[in-house]
Amino acid sequence: MAIKQISVFLENKKGRLLAVTRLLAENKINLRALSVADTTDFGILRMIVNDTSRAYEILKNAGFTLKITEVIGVDTTDEPGALNEVLEVLEKGSINIEYIYAFCTAQSGHALNVIRVDKMDAVNDILEQNGIKTLAPDEIV
Amino acid sequence: MYWNKRIECMERGELNELQLDRLQKMIQHAYHNVPLFRDGMQEKGITPQDIRCLDDLQHVPFMTKQDLRDSYPYGRFAVPLSEIVRIHASSGTTGKPTVVGYTRNDLQVWSECVARCLTCVGAGKQDVIQVSYGYGLFTGGLGLHYGAEYIGASVIPTSGGNTPRQVMLMKDFGSTVLCCTPSYALYLAEAIEEQGIALEDLKLRVGVFGAEPWTEPMRKEIESRLGISAHDIYGLSEVMGPGVSIDCPAKNGLHIFEDHFLVEVIDPETGKVLPEGATGELVFTCLTKEGLPTIRYRTRDLSSITREKCACGRTHTRMRRVLGRSDDMLIIRGVNVFPSQVESVLLDMGATSPHYHLIVDRVDNLDILEVQVEVSEDLFSDQIGGMEILGNRLRKAIDQTLGINSKVTLVEPHALERSEGKAKRVTDKRKLNG
């Protein structure tokens, strides 16, 4: 199942990420996952929050360039080879990963993997046929 | 030194008679051969017979760069293409250049004017003239080339670029006169210093520089670093090309060759002709041009004129060094750049409300252009690869449209300065007001 992620265009300069987190904090929006891809001039902030549409409105009104992108969330065990198993399946299904970021906490024994692929339509079936469960939005937020 | 003393030192009265005679013929020529010109005259309710004195010219409609674009490519030519022997073009705002055509006689006049310029700055048949202006559609290279050949000098058509080779040829071939943009002259000076070549090893003594605005301090710097006398040559392709005017050794204004070019200075807002000495927009009327009659062409260049006789003996009107522009056109490395060109590129690429900012600077004596583009949602991709492709596509499209290389920087919306609701499009950091 697809999860909605917010992607924000940020100039690579002091205080830009802070400007986003400050707005989210003021509006009591909780961040569930976050990554920044950066180049010398600019970065792309990608995040999953507990209230995507409200976060989108708030950031848009503040003048940021952003968009909502669909990604998949895969829950894996926090063990060697767990992510590898998922990637093997995607490889067999000829699905390309555009980007990926992952989190785990020591207590849970699980890892959350956020993956953006080129064939978002096909990816769920392929994972499911191979016994890999994707997370529903409410499971992640 | 004069190339054509009789003309260059002609008394004002006789010169004005010559001008009026030529003006009347030119108006007739354009009226009968350029329907667009005739339409303009008829709209104002005048005919060629109404031009009885030079002052009557102010009733004739202006011609603008836009008029040339609207009649792209040949709509204002007054002769069939079989009579046109050369075509040049300058950059335009929407990808279409401004096209100019010359008859054999027009080229002869052009060579004559450039010959006068070169002679005026002390060049002659004994000189080796290195032409480092670009050769091609741009009028700089070929314009100087034919004038230099006409005076019998030895011409080295190096064209622009490949600076180390330029320096090598300058030294080995013994160039005595250099023709290029003033910023390239400084760039060459630097290259000469870097290569450890002493000025005594060069034979260079005179420079003829133009195609972009420059200043007195820049002249002094070029003169000291190259050990030459540097002269400002003015011209624009719509009027002819380089050679419309030149500053003589007195370096106190540029002599306009008034037997071919009639000059007026107007208020750019009202279009009214201003008195001698007032600063305004230069307007030129070509008195002898057959191929593309240019009558009351608005140059957008700001300057002022004086009819006082010069210390050099020439009687022709002098214009001050160009002070700036009355529109938003920038001249970068000799290329005309309009901010609106960037806007058209962004619109083509799907940006619905394009915001951009041009930053022009002069680093190591070369003009550089940075184009900052605000990333709107239409342009935004959440992948680095996608954004890099966007940056590259923008740069390519902008470079192609403007005709010069630029650096494209992607910035956040509203990162760019807005003043009074209107976006500020240009920051020119080059110091031109010296």
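Trainee: Which residues have the most contacts inside the largest nonpolar core?

Mentor: The largest nonpolar core holds 55 residues. Those with the most contacts inside it are B:Ile129, B:Val208, B:Phe261 and B:Phe284. Keep in mind that this is a predicted model.

Trainee: Which helix gives the largest share of this core?

Mentor: Helix α5 of chain B, residues 104-120, does. It supplies 9 residues. Apart from this core lies another one, of 31 residues. Among them are B:Val335, B:Val337, B:Ile384 and B:Val408.

Trainee: Back to B:Ile129. What is it in contact with, leaving aside neighbours within four places in sequence?

Mentor: The list includes B:Leu118, B:Ala123, B:Ala148 and B:Ile151. B:Val155, B:Ile156 and B:Val177 are also on it. So is B:Cys179.

Trainee: That brings up cysteines. How many disulfides does a search of the whole structure find?

Mentor: Start with the idea. A disulfide is a covalent bond between the sulfur atoms of two cysteines. Here the search finds 0 over all chains.

Trainee: Why is there no bond between B:Cys179 and B:Cys180?

Mentor: Look at the distance. The closest cysteine sulfur to that of B:Cys179 is in B:Cys180, and it is 7.7 Å away, so it is too far for a bond. The cut-off for a disulfide is 2.5 Å. B:Cys179 counts as buried, at 0% relative accessibility. B:Cys180 is buried too, also at 0%.

Trainee: Now the rings. How do I read an aromatic pair?

Mentor: A pair of aromatic rings is described by the distance of the centres and the angle of the planes. Over all chains, the search finds 10 aromatic pairs. Take A:Phe9 and A:Phe42. Their ring centres are 5.4 Å apart and their planes are at 35°, so this pair is tilted.

Trainee: Where do A:Phe9 and A:Phe42 lie in the chain?

Mentor: A:Phe9 is in strand β1 of chain A, residues 2-11. A:Phe42 is in strand β3 of chain A, residues 42-49. They are 33 residues apart, so the pair links distant parts of the chain. A:Phe9 is buried at 0% relative accessibility. A:Phe42 is buried as well, at 6%. Ring pairs also link A:Phe9, A:Phe42 and B:Phe380 into a cluster.

Trainee: Is the pair of B:Tyr184 and B:Tyr187 stacked or tilted?

Mentor: It is stacked, at 6.0 Å centre to centre with 25° between the planes. Both residues lie in helix α8 of chain B, 3 residues apart, about one turn of the helix. B:Tyr184 counts as buried, at 11% relative accessibility. B:Tyr187 counts as partly exposed, at 28%.

Trainee: Which charged residue lies over the face of B:Trp214 at 4.6 Å from the ring centre?

Mentor: That is B:Arg321. The charged end of B:Arg219 also sits over the ring of B:Trp214, 6.0 Å from its centre.

Trainee: Last, the strands. Why is strand β6 of chain A called largely enclosed?

Mentor: Count the buried residues. In β6(A), residues 110-117, 7 of the 8 are buried, so the strand is largely enclosed by the rest of the structure.

Trainee: How many bridges join β4(A) to β6(A)?

Mentor: There are 6, and the two strands run antiparallel. A:Thr76 stands opposite A:Ala111 in β6(A). Strand β5 of chain A, residues 97-104, is joined to β6(A) by 7 bridges, also antiparallel. There, A:Tyr99 stands opposite A:Arg116. The hairpin of β5(A) and β6(A) has 5 residues between the strands, and A:Gly109 takes a positive phi near 75°.

Conventions
Residues numbered from 1 in each chain as written. Chains lettered and ligands numbered in written order. Predicted model: local features only at pLDDT ≥ 70, side-chain atom pairs only at ≥ 80, totals over all residues. Heavy atoms only, no water. Core = buried A, V, L, I, M, F, W, Y, C linked by side-chain atoms within 4.5 Å. Buried < 20%, exposed > 50% of the residue type's maximum accessible area, 1.4 Å probe, protein only. Helix = DSSP H or I, 4+ residues; strand = E, 2+ residues; numbered from the N terminus. Contact = heavy atoms within 4.5 Å. Phe/Tyr/Trp six-rings, centres within 6.5 Å; stacked < 30°, edge-to-face > 60°. Lys NZ or Arg CZ within 6 Å of the ring centre and 35° of its normal. Pairing = 2+ DSSP bridges.
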